[in-house]
Amino acid sequence: MTEEEALRRAIALSAEAAATPGCEPFGAVVVRGGEIVGEGFNRSRSRLNPTAHGETEAIRDACARLGTLDLTGCTLATSCEPCALCVAAMQIAGIGRVVYAASLADSARALAGVPKERRRGGDVAALRREAGAPIGQGRIPARQALVAEAVAVLESWARG
């Protein structure tokens with residue numbers, strides 16, 4: 001399977017999502033060894049899950065199908081440039097390459113008139129800036145507490 005074929009499948013999934021109530025028009029596939037091993041489209045509203053983006057759904061599907069959390073060597077093809085959440089998920093899973101169709105600017109233009117009740121958008125540029133910053137340095141205030149109790153659980157688990 002070529003990258004263009006994978007992208008066409010991701011775009012077809014985005015069209016399927018567009019026709020599915022409670023979904024948004026973003027689709028993605030995970031490819032390993034020239035074969036699709038995971039697919040997904042944005043189901044955030046239908047699942048009441050703000051992390052159910054097309055890319056994260058495809059990653060979940062690939063991990064379930066392959067029986068692993070390690071997607072090293074896989075490529076993710078997506079109908080739209082991934083947001084910071086999806087990029088983080090790809091990095092955690094070990095995805096080595098991303099191929100995308102529409103840019104974030106393209107999608108922002110195309111979806112500019114969609115009312116908030118249909119699509120809960122956000123400032124993707126701000127999300128990208130804040131995603132890598134330490135907690136509390138962005139828009140979400142943070143306070144640290146009960147450190148010793150939490151660290152004790154981590155250390156206990158690490159000892160096996």
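Modeller: Helices (DSSP runs of H or I, at least four residues) and strands (DSSP runs of E, at least two residues) are numbered from the N terminus. Ser 79, for instance, is found in strand 3. This is a predicted model, in which local features need pLDDT of at least 70 and side-chain atom pairs count only at pLDDT 80 or more, while totals for chains, interfaces and linings use all residues. Residues are numbered from 1 along each chain as its sequence is written, and side-chain values use heavy atoms, with hydrogens and water left out.

Biologist: Okay, so how do I read a sheet, and in what order do the strands come here?

Modeller: Strands of a sheet pair through backbone hydrogen bonds, either parallel or antiparallel. Two strands pair if DSSP finds at least two bridges between them. Here 4 strands make an open sheet with mixed pairing, in the order 2-1-3-4. Strand 2 (35–41) and strand 4 (97–102) are the edges, each pairing on one side only. From one strand to the next, the twist averages 15°. Strand 1 (residues 27–32) and strand 3 (residues 75–80) are antiparallel partners, joined over 4 bridges. Look at Val 30: its bridge partner in strand 3 is Leu 76.

Biologist: Which strands does helix 1 touch?

Modeller: Contact means heavy atoms within 4.5 Å. Helix 1 (residues 3–18) packs on the sheet and touches strand 1, strand 2, strand 3 and strand 4. Its direction makes about 150° with that of strand 1; axes are lines fitted to C-alpha atoms, for helices over the stretch in contact, and angles run from 0 to 180 degrees between N-to-C directions.

Biologist: Back to Ser 79: buried or exposed?

Modeller: Buried means under 20% relative accessible area, exposed over 50%, and partly exposed in between (1.4 Å probe, protein chains only). Ser 79 has 9% relative accessibility, so it counts as buried. Leaving aside neighbours within four places in sequence, Ser 79 has contacts that include Ala 10, Ile 11, Phe 26 and Ala 101. For contrast, try Ala 105 in helix 5 (residues 104–110): with 42%, Ala 105 is partly exposed.

Biologist: What about helix 3, and which of its residues are buried?

Modeller: Helix 3 (residues 54–66) has 13 residues and reaches 18 Å from first C-alpha to last, close to the expected 18 Å. That expected span is 1.5 Å times one less than the number of residues. Its buried residues are Gly 54, Glu 55, Thr 56, Glu 57, Ala 58, Ile 59, Ala 62 and Cys 63. Among the elements covering them are strand 1, strand 2 and helix 4 (84–93). Right after helix 3 comes Gly 67, with a positive phi near 70°.

Biologist: Which residues in the largest nonpolar core touch the most other members?

Modeller: A nonpolar core is a set of buried Ala, Val, Leu, Ile, Met, Phe, Trp, Tyr and Cys residues joined through side-chain atoms within 4.5 Å. The largest has 15 residues, and Val 30, Ile 59, Leu 71, Leu 76, Met 90 and Ile 95 touch the most other members. Strand 1, helix 3 and helix 4 each give two or more residues, and helix 3 supplies the largest share, 4 residues. There's also a second, separate core of 10 residues, including Ala 6, Leu 7, Val 29 and Phe 41.

Biologist: Last one: why is Cys 86 not bonded to Cys 83?

Modeller: A disulfide is a pair of cysteine sulfur atoms within 2.5 Å. The count here is 0 disulfides, and the Cys 86 sulfur isn't bonded because the closest cysteine sulfur, in Cys 83, is 3.8 Å away, too far for a bond. Cys 83 is buried at 12%, and Cys 86 is buried at 1%.
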